[in-house]
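Open the structure and take a slow look around it. This report goes from the whole chain down to single residues.

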Amino acid sequence: MAIDFSLSDEQKALQAGARQFAATVLSQVKPTITPIARPEDRFFATQPFYAQMAAAGFIHALFPKAYGGGGMSTVDFALASEELCAVDINVPTTLLGTGLGMEPILGFGTEEQKRRWIGEILAAPGERLAALAFTEVTGGSNYDCPDPSAGVQTFARRDGDEWVITGQKHYTTNGCGWDGRGAHLLSVVCRTDPSLPPAESLAVIVVPGATPGVEVVGYLDTAGHRAVVSPRIHFNEVRVPIGNIIGKPGDGAKICQHAFSWTAALIGAACTGVMRAAFDVALSFAKTDKRSGTVPVIEHQNAGYMLADLKMRIEAARYLTWKACHQLDVTDRASDELAIMTKVYASELCVQVVYDAMRLVGVDSYTELTPLAGLMQDALCFPLYDGGNMGVRRRQLHRKFKTDGYDPMASAEGR
C-alpha cells in the first residue's frame, strides 16, 4: 500500500471546523485572561470557553463510541489540536488534561469502571474535569525508582474495603476543578506498600475530587500557559473503595507510560500550532514592515532564508506528529517510540522556531507589540513538562535502546 498523506473529506471538515472554532471562540481567551492576576482566577475565567468546546463535541471525541464518546482517532485529534493551539494553548491543554486523567481508565480499567467514570464525565462534559495526580512535590522523573525509600511517596494503605491515600502532589493539571475544590475525578499515582519497589507497589487509584481529605492548598504560577491551572493538592487520609484501583498494585508504571505516550504524540500537534502562529507573525512582519528602509524586510535575502527554515521545521514537526499518532492508532499503543520522539523533537524545535521568529522581527518581539514573547513563554513549557525531555530521553528512549531485541527499524516499518 502506498504511503498517503492526503486528508479525507471528513478530516478536512474536522480541520476546517476546528480552525473556525479557534478563530471565533478561542481568540477571545487571551483578552479575557490578560487582566487577571491570580493563576487560578485566570483558569476559572476559561470555563465558558471550555463549555463551548464541550458543546462542539471535543470532550466526547476523547472517548470510544462504545462508551458514548465520539471515537476520534489520535490522528484526527492531532489535526484538531493543531488548529486549536495555533490560537490558544490554554483551553486545549485543559481538554488534554482531562484526557490524560482518563487515560488510565481507558487503557486499563474494567468494563464497569469505564462505563461508570466515562459516563460521569460525559453526563456534564463542560463542567466535569479529570486529572492525573502524578508529580510528587520532589519531582516525578523517578516515579519508578526501584529503591522503595525514594520515588513516589504518596501511599495507599488497605483498610478493610477501602484504600486510604496520603501524600502531596504538584502540577496536577485540572486537579482543582472549576470550583477550586477538586476535579470530578483524579487518577492518583501512589504506592500500596512503602516497603516494596514500584514493580510490586506502584498503582493508580481513582479518587472523586469531592472525597473528604482532598485539599487544594495552593497554585503554582507559570510563565506560559497562563490559564492552565497547576494546583498543589494534598491527600489527607482520603478513603475510597478498593474497587477504585485500576488494575493491580505493580501496574502503575505501565499505566503511566500508556497515558503519557498519548499526550506525547499530541504535544507535537500543540507545538506545531504554536510554531505556526509564530511563523504567521514573522511572515506578516516581513511582508509589511520596512524597518525604515526602502523595501519590505522580506526582500532581503537573509530574511527569506530564515522564513524558509521556519517553514521547513514546522512541516517536519507536523508530519512526524501525524506518523506518531498513526502508529499509536494502528498498534493500539504497543508502539510508542515515535510518540516519545515527537514530544522531544517538536517541543525543542518549537522553542527554536519561536526564537528565530523573534530574531527576524527584532526587539519589538520582546514587547507587547507582537504576540511572540507570549508564544515563547508558552513554547518553553513543552520541553519541561510530562516528565521533561531530559527524563524522557533517559527513562523512555534510553531504556528502549537497552532492551534485548530492540529493533531500530520497527517504528519505520509500522511495528
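What follows covers the overall chain, its cavities, two helices and two loop residues.

**The whole chain**

This is a predicted model. The chain has 13 helices and 8 strands. Its C-alpha atoms fill a box of roughly 80 × 50 × 40 Å, taken along the principal axes. How does the radius of gyration of the chain compare with that of a compact globule? A compact globule of 415 residues would have a radius of gyration near 22 Å, and the chain has 22 Å, so the two agree.

Burial and contacts add to this picture. Of the 415 residues, 53% count as buried. Take the contacts with a separation of 6 or more: residues 24 or more positions apart account for 75% of them.

**Two cavities**

How many cavities of 30 Å³ or more does a search of the whole structure find? The search finds 2. The table sets out their volumes and the classes of their lining residues.

| Cavity | Volume | Lining by class |
|---|---|---|
| Largest | about 50 Å³ | 4 nonpolar, 1 polar and 2 charged residues |
| Second largest | about 40 Å³ | 8 nonpolar, 1 polar and no charged residues |

Start with the largest cavity. Its lining is made of Phe260, Ala264, Ile340, Lys343, Asp386, Val392 and Gln396. Three elements give two or more residues each to this lining: α9 (252-288), α11 (337-361) and α13 (389-402).

Now go to the second largest cavity. Phe58, Phe77, Ala80, Ser81, Leu84, Cys85, Pro92, Leu95 and Leu96 line it. Both α5 (74-85) and α6 (90-108) supply at least two residues of that lining. Which element gives the most to the lining of this second largest cavity? The answer is α5, with 5 residues.

**Two helices behind the linings**

Each cavity leads to a helix worth following along the chain. Look at α5 first. This helix has 12 residues. From its first C-alpha to its last, α5 reaches 16 Å, close to the 16 Å expected at 1.5 Å a residue. Is α5 enclosed or open? In α5, 12 of the 12 residues are buried, so the helix is largely enclosed by the rest of the structure. Among these buried residues are Thr74, Asp76, Glu82 and Glu83. The lining residues Phe77, Ala80, Ser81, Leu84 and Cys85 are also listed as buried in α5. What covers the buried residues of α5? The cover includes α1 (9-24), α4 (47-55), α6, α9 and α10 (301-331).

So α9 turns up twice: it is part of the cover of α5, and it helps to line the largest cavity. Helix α9 has 37 residues. It reaches 54 Å from its first C-alpha to its last, close to the 54 Å expected at 1.5 Å a residue. This helix is mostly covered, with 29 of its 37 residues buried.

**Two loop residues with positive phi**

Finish with two single residues. Ser292 lies in the loop between α9 and α10. Its phi is positive, about 65 degrees, although Ser292 is not a glycine. Arg333 sits in the loop between α10 and α11. Its phi is near 75 degrees, again a positive value in a residue other than glycine.

Are these residues buried or exposed? Ser292 has a relative accessible area of 83%, so it is exposed. Arg333 has a relative accessible area of 17%, so it is buried. The cut-offs are over 50% for exposed and under 20% for buried.

Terms used. Residues numbered from 1 in each chain as written. Predicted model: local features only at pLDDT ≥ 70, side-chain atom pairs only at ≥ 80, totals over all residues. Heavy atoms only, no water. 1 Å grid on protein atoms, 1.4 Å probe; cavity = no way out; pocket = protein on both sides within 12 Å on 5 of 7 lines; lining within 4 Å. Points joined across faces, edges and corners; volume = space filled by probe spheres on them. Helix = DSSP H or I, 4+ residues; strand = E, 2+ residues; numbered from the N terminus. Nonpolar A, V, L, I, M, F, W, Y, C, P; charged D, E, K, R; others polar. Expected span 1.5 Å × (residues − 1). Buried < 20%, exposed > 50% of the residue type's maximum accessible area, 1.4 Å probe, protein only. Contact = heavy atoms within 4.5 Å. Rg over C-alpha atoms; globule rule 2.2 N^0.38 Å.
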